Amino acid sequence: MAEARPAAHPSAHLEGLNPEQREATEHFEGPILVLAGAGSGKTRVLTARVCHLIREHGVPPARILAVTFTNKAAGEMKERITRMLGSEPAGMWVGTFHAIGARILRRHADRLGWDRTFTIFDQDQSLRLVKSVQESVGLDPKRWSPKALRAEMSNAKNQLVSSEAFARDNEGSFDMFVRAVARIYPPYQRALQDQNAFDFDDLLMKPVELLEAAPGLLREYRERFAFVLVDEYQDTNRAQFRFIELLAADHGNLMVVGDDDQSIYGWRGADIRNILDFETAFPGARIVRLERNYRSTQRILDAANAVIAENVDRKGKTLRTERAGGDAITLVETFDETDEARWIVGDLRVRYDETPDLSYRSIAVLYRTNAQARALEDAFRREGIPYQVVGSVRFYERREIQDVLAYLRLISNPRDRVAFERVVNYPRRGIGSTSLQKLSDWASIEGLSLLDAAARSEHMPGLRGAAAVGLASFASLIQRYSLRATQVGVGTLLEELVEELDLARHLHDEGPEGEDRARNVAELIAGALDFDVDPVDTLGVEETDGFTELDLFLQQVALVADVDRLDPDADAVTLMTLHNAKGLEFPVVYISGMEDGLFPLSRAYDEPTALEEERRLFYVGITRAEDKLSLSWARQRRRAGDFTYGTLSSFVDAIPEELRDLRMSDRLRIAASSTPHRGSRHRRRGESPAFEYEPEYEPDGSFNQDLPRYVKGERVVHQTFGSGSVVEVTGFGRDLKVTVDFDETGRKKLLVRYANLERDWP
């Protein structure tokens with residue numbers, strides 16, 4: 001039973017809110033869009049509004065639905081609401097889109113042809129199924145990447161395109177890859193249903209399909225959820241938008257909170273138009289802007305505002321703070337990625353030593369691509385500074401954890417073919433690939449699941465010896481533990497299973513790495529023993545209704561396995577990509593790799609929308625910093641085995657020079673003092689150093705005389721920014737840049753080879 005909490009003051013949820021936050025909180029009926037800038041207290045607004053609805057308007061908690069993008073955010077929101085109210089909001093649904101979708105499917109999956117005890121396939125399981133389906137239809141995995149095929153199916157599901165519709169529309173496509181997807185999407189979906197499983201994308205698509213096909217059920221959910229709140233709205237895709245639209249379009253009591261300037265997931269289906277066109281989808285919507293930042297210094301915000309102002313596709317807002325001034329933004333030029341990593345480590349060591357209240361956990365190093373972490377990790381290890389990498393192999397993706405979870409999934413769902421194939425011969429039972437193929441063929445003929453076929457393997461023709469004994473023994477093991485799962489908690493079940501399999505010994509026999517694996521399994525057991533979750537809250541059912549604690553545990557694991565594990569209590573520097581940094585904040589932040597072609601990525605220059613998303617990603621990086629921000633770039637960098645020679649990212653141009661503190665690494669300074677000036681094209685912005693780095697060869701080709709020439713004053717046209725006048729021309733060859741005063745969008749600096757400018761002839 002939950003511990004009794006003291007009753008909170010009736011208006012406690014309004015205390016400390018600024019005028020804009022209060023306006024959003026006190027909004028009652030009708031649609032509202034809260035444009036919440038970075039660090040502006042959006043979580044406070046969401047939780048305060050829930051409390052306001054309950055306290056001031058008497059809305060029962062059970063009639064409120066709050067949707068978040070991470071389980072951590074959902075947990076924090078519920079905890080804050082409970083603290084503000086003085087009691088838990090009984091019956092309120094708070095969770096991620098995937099968790100909410102799973103709850104609805106647990107109640108109604110039978111309407112779609114699935115059993116309510118379905119399994120949720122994670123990325124590894126769905127990829128294994130894709131490979132299996134490929135083999136069954138004769139698509140060579142060496143020619144057609146299973147990951148690419150799965151990604152295309154994922155995109156289709158996020159766009160609410162069914163397997164039948166995709167196959168019908170694309171089976172005759174001129175694009176051979178799309179034709180390949182059309183061949184495997186329908187059998188992949190049938191295989192999921194045969195195994196009573198949904199993949200992650202189904203948790204978004206299938207609830208929409210369910211609600212659209214059942215008007216009565218939709219009416220029930222619309223009446224239940226009289227008020228809907230959505231966090232991180234800028235990251236929603238088509239399926240998520242449609243789900244929210246179905247629930248809220250009738251009554252219109254929808255609050256969405258988001259920041260179009262932090263929309264950085266277009267590459268995985270997020271549609272920025274959902275937030276930009278909110279008033280079109282929900283006419284009469286109120287708009288409230290939260291522009292007061294409670295995180296960063298004014299100098300950091302000035303840099304962020306200047307950078308994001310370069311984008312055209314945005315609602316527009318300007319962050320401000322009461323933290324006037326602050327340190328200038330360090331911009332350091334380094335020799336290569338090793339020199340860059342050493343400078344970052346050296347600088348943060350000095351900062352750590354000279355700042356008494358600064359801990360290592362207060363520092364983050366951000367980068368555009370995961371490959372950049374290697375040089376940084378080398379430097380941290382060399383200096384003995386503790387660090388953690390977010391976005392490396394996740395706990396639940398480790399081989400030994402996946403093996404144990406496969407056992408649990410098969411115990412919970414005997415039709416899970418992917419789980420069966422993963423562990424039927426682990427630990428070894430004398431069951432080879434030939435025997436497994438015979439079993440599979442016989443199961444298909446007899447209309448049995450693989451587990452049922454294994455249980456009857458003594459009747460199977462052509463199967464003898466160790467394989468027959470091993471299959472029967474394996475089936476007996478799973479059946480015993482399926483019964484056991486109805487009698488004991490998941491922790492006890494897992495302990496007994498691991499002991500019977502003698503898994504610790506098998507892992508230890510693998511050597512030093514096996515010892516780490518055994519410790520990971522022990523950690524999984526510890527987590528299972530501590531597992532204590534309300535089935536109503538987890539599954540959305542009104543009673544346990546045949547669900548075991550194992551079912552609850554597997555659902556929780558499936559829904560958190562896709563979230564990176566960041567230990568906030570570890571006193572270690574955090575290394576992560578800029579995408580993973582979203583939603584976090586650190587007193588000290590380093591952003592490395594600020595070179596054109598790396599950040600922004602080269603391909604972004606081919607598409608204006610992609611370039612704007614890259615700029616939004618830089619904005620996200622800048623606004624992670626509370627007190628100090630440092631940017632670094634390298635003159636040369638090894639990428640894909642080759643050296644590339646860099647120039648400072650064009651994104652940095654937007655940061656006013658008075659905000660920058662220009663520096664040069666020691667290695668580059670030494671090279672500068674010993675190398676004669678040679679007039680290289682790699683001149684640094686902002687000063688004229690004695691040293692100019694001159695590569696021995698030009699990796700991207702030398703001066704291209706076919707590039708267009710521009711002169712001051714001439715008129716040009718850009719497909720996004722419109723018409724304007726050239727005011728400055730700098731560089732030459734592949735580094736030729738023009739500064740243009742556009743009539744509608746102001747001054748922009750563009751790299752000519754990517755800008756696709758046309759002359760505006762009179």
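In the predicted model, six strands form an open sheet in the order β3-β2-β6-β7-β1-β8, and their pairing is parallel. The edges of this sheet are β3 (93–96) and β8 (286–290), each of which pairs on one side only. From one strand to the next, the twist averages 15°. Helix α11, residues 238–248, packs on the sheet and touches β2 (64–68), β6 (227–230) and β7 (254–258). The direction of α11 makes about 160° with that of β6. At the β8 edge, strand β1 (residues 32–36) runs parallel to β8 and is joined to β8 by five bridges. Within this pair, Ile 32 of the one strand stands opposite Arg 286 in β8.

A further open sheet contains seven strands, again with parallel pairing, in the order β11-β12-β10-β13-β14-β9-β17. Its edge strands are β11 (387–389) and β17 (660–664), and each of these pairs on one side only. Neighbouring strands are turned against each other by 20° on average when direction is ignored. Inside this sheet, strand β10 (residues 363–367) and strand β12 (residues 573–577) run parallel and are connected by four bridges. Tyr 367 has Thr 577 as its bridge partner in β12. In a regular strand, side chains alternate between the two faces of the sheet.

Antiparallel pairing is found among strands β18, β19 and β20. Strand β18 covers residues 715–718 and strand β19 covers residues 722–730; the two run antiparallel and are joined by four bridges. The connection between β18 and β19 is a hairpin of three residues. Next to this hairpin, His 718 stands opposite Gly 722 in β19. Strand β19 also pairs with strand β20 (residues 737–742), in the antiparallel sense and over six bridges. One of the residue pairs here is Val 729 with its bridge partner Val 738 in β20.

Helix packing is described here for α21 and α22. Helix α21 spans residues 465–484 and helix α22 spans residues 490–501; their axes lie 11 Å apart and the helices pack at an angle of about 160°. Because of this angle, α21 is roughly antiparallel to α22. The crossing of α21 past α22 is right-handed. On the α21 side, the contact is made by Leu 477, Arg 480, Tyr 481 and Arg 484. On the α22 side, Leu 493, Glu 496, Leu 497, Glu 500 and Leu 501 take part.

Taken over the protein, the secondary structure comes to 29 helices and 22 strands. The protein has 762 residues, of which 55% are buried. Of the contacts between residues at least 6 apart in sequence, 74% join residues at least 24 apart. The exposed area of the protein is about 33000 Å², and carbon and sulfur atoms supply 47% of that area.

Conventions
Residues are numbered from 1 along each chain as its sequence is written. This is a predicted model: local features need pLDDT of at least 70, side-chain atom pairs count only at pLDDT 80 or more; totals for chains, interfaces and linings use all residues. Side-chain values use heavy atoms; hydrogens and water are left out. Buried means under 20% relative accessible area, exposed over 50%, partly exposed in between (1.4 Å probe, protein chains only). Contact means heavy atoms within 4.5 Å. Accessible areas come from the Shrake-Rupley method with a 1.4 Å probe; for residues, only the protein chains shown count as cover. Two strands pair if DSSP finds at least two bridges between them. Axes are lines fitted to C-alpha atoms, for helices over the stretch in contact, and angles run from 0 to 180 degrees between N-to-C directions. Angles under 35 degrees count as roughly parallel, over 145 as roughly antiparallel, 65 to 115 as roughly perpendicular and the rest as oblique. A crossing is left-handed if the near helix is turned anticlockwise from the far one by less than a right angle, and right-handed if clockwise.
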